[in-house]
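Dear colleague,

I am handing over the structure we spoke about, and below it you will find my notes on what turned up when I went through it. Please read them with the model open beside you.

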Amino acid sequence: MFRPALLFTVLLLAATTFAQDRQETYPPHPDSLPRDGVPKGELKGPFEFRSEIFPATIRNYWIYVPSAYDASKPACLMVVQDGLNRAKGWKLPTVMDNLIHDGDMPMTIGVFIDHGKVIPDREGFQPRFNRSFEYDSVGDSYARFLVDEILPEVSSEYNISEDPNDRSIAGSSSGAICAFNVAWERPDQFRRVFSAVGTYVGLRGAEELPSLVRKFEPKPLRVFLQDGSNDLDIYAGDWWSANQRMLSALTFAGYEVNHVWGTGGHNAKHATAILPDALRWLWANHGEPIQRGQFKSTRIKVLVPGQRWTKTDDDEVAKGLSSPKALPKTFAVDPQASVLYRSQAGERLVTAHDLDSQGNIISTQPFGYLHLTPNQTQSGAGAMTVDQNGSLYVCTDLGIQILDPLGRVNLILEKPSTGDLTEIGFVGEDRKTLAVRCGNELYTRKVETAGVSNLGQPNSIPKPGL
């Protein structure tokens, strides 16, 4: 059956390809207006919360409970940054009423959270606003705040699904990069993201996210982006081009990504107009897990589709990693025996020592460029190995960074667990199994390439792409 709302979607999305007037007028979406016969959910709050992850901060949050919520069944979740003001500005409670009633969105609890403030003890003085620190910062701090502090409190009163496919997160401006960053850091907790006029610019490291998306093996996320060509262009960057970069990166890495572009500025008008349709897309085929994407192309062939890390207690794997070696784990020699690589945890660059035919060092250069864990000044670089093509695999805090022979990170493999990576090597008869020790556990995964078979003997490598 063809719904009027679907016709509205087609007309609205088509209209966004044309210039809006200076007033940025958008017709109200039918699903943003109260409808007869649709029961209203209940808004509860504000509830005050004091965080330990963000010390001394105080904030409020509100909870939206659908009218048909049944505590005996796990409900889905939608977290929104900037609290009730953002949710009401988007007309979100009404949108959720209508979409849940129509079956276009599952039964979903909404949690609308303000940013933190540190209140001075002197009357009349301004609080320290923690919004930019919490929202614009990349890294896992805000994700930990949600997962370890807020959600346990909400879950003590409501039956929230623990399936990450049942959890969405949304925000506008700095709240948008915060939403994406939470899902990026914790896809085991959140997998659906709505980003409006997202601040993917140089405030606190978010400008690097498109590059990481292109290099990190794809995560199981579904992302909707909205922005306008008259968005901000200031000291931190150009919001419009930054959002284009995010779309391009997500598309390249094979993510489930959708977008609507307009000509608007840094406000919520366009996002409000398209929010119901964005949520329909985000929740489409609910019940089916969101899948990892596949890169359009890769310059080095490592990933085998469908292969992930598998925990193992195979003694042969342990022996293969722990057998006596001529070099410490933080050193590796390229297959041609012409370069000795050295990593150090406190450094961003891997050092290359050029060798003569007798194994003597003839020159030294800081060579391999590593990505840092967000908000860290050290790479945590440690154990290394090489493959038959001369690519270097470096264990870091961010993951296993794979550098081509020109010293550039082409690919980042995720860590199999939260522990430290301390050993890495190729094992098996064909040496096409990559093995690591992460924490106290061993993990393996099949890869497209292979380790060097005759260790100690120089092996030629293909000419690397320049």
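I begin in the interior, with L146, which touches V79, I113, L151, P152, I169, V182 and F190 when residues up to four places away in sequence are not counted. Please keep in mind throughout that this is a predicted model. L146 belongs to the largest nonpolar core, a set of 90 residues, and together with I150 and F180 it is among those with the most contacts inside that core. A second core, separate from this one, has 28 residues, including I100, A271, L275 and L279.

As for the chain as a whole, it has 10 helices and 24 strands, and 52% of its 466 residues count as buried. Its radius of gyration is 25 Å, which agrees with the value near 23 Å that a compact globule of 466 residues would have, and the C-alpha trace spans about 85 × 50 × 45 Å along its principal axes. If one takes the contacts between residues at least 6 apart in sequence, 68% of them join residues at least 24 apart.

Turning to the surface, the protein chain exposes about 21300 Å², of which carbon and sulfur atoms supply 50%. One nonpolar patch there, of about 400 Å², is made by L203, L232, I234 and Y235. Within that patch, Y235 lies in the loop between β10 (233-234) and β11 (237-238), and it counts as exposed because its relative accessibility is 73%, where the cut-off for exposed is over 50%.

Finally, there are some points of backbone geometry that you may wish to look at in the model. Most residues other than glycine have a negative phi, and most peptide bonds are trans. Against that background, the peptide bond from G45 to P46 is cis, with omega near 10 degrees, and P46 is found in strand β1, which covers residues 42-50. N285, although not a glycine, has a positive phi of about 60 degrees; this residue sits in the loop between α9 (269-282) and β13 (310-312), and with a relative accessibility of 52% N285 counts as exposed. R431, also a residue other than glycine, has a positive phi near 55 degrees and is found in the loop between β22 (421-427) and β23 (433-438). At 22% relative accessibility, R431 counts as partly exposed, since buried would require a value under 20% and exposed one over 50%.

With best wishes

Technical notes. Residues are numbered from 1 along each chain as its sequence is written. This is a predicted model: local features need pLDDT of at least 70, side-chain atom pairs count only at pLDDT 80 or more; totals for chains, interfaces and linings use all residues. Side-chain values use heavy atoms; hydrogens and water are left out. Patches are made of residues with over 30% relative accessible area and no salt bridge: like charges are joined within 9 Å, nonpolar side chains (Val, Leu, Ile, Met, Phe, Trp, Tyr) within 5 Å. Accessible areas come from the Shrake-Rupley method with a 1.4 Å probe; for residues, only the protein chains shown count as cover. A salt bridge is a side-chain nitrogen of Lys or Arg within 4 Å of a carboxyl oxygen of Asp or Glu. Helices (H or I, at least four residues) and strands (E, at least two) are DSSP runs, numbered from the N terminus. Buried means under 20% relative accessible area, exposed over 50%, partly exposed in between (1.4 Å probe, protein chains only). A nonpolar core is a set of buried Ala, Val, Leu, Ile, Met, Phe, Trp, Tyr and Cys residues joined through side-chain atoms within 4.5 Å. Contact means heavy atoms within 4.5 Å. The radius of gyration is taken over C-alpha atoms; the globule rule is 2.2 Å times the number of residues to the power 0.38.
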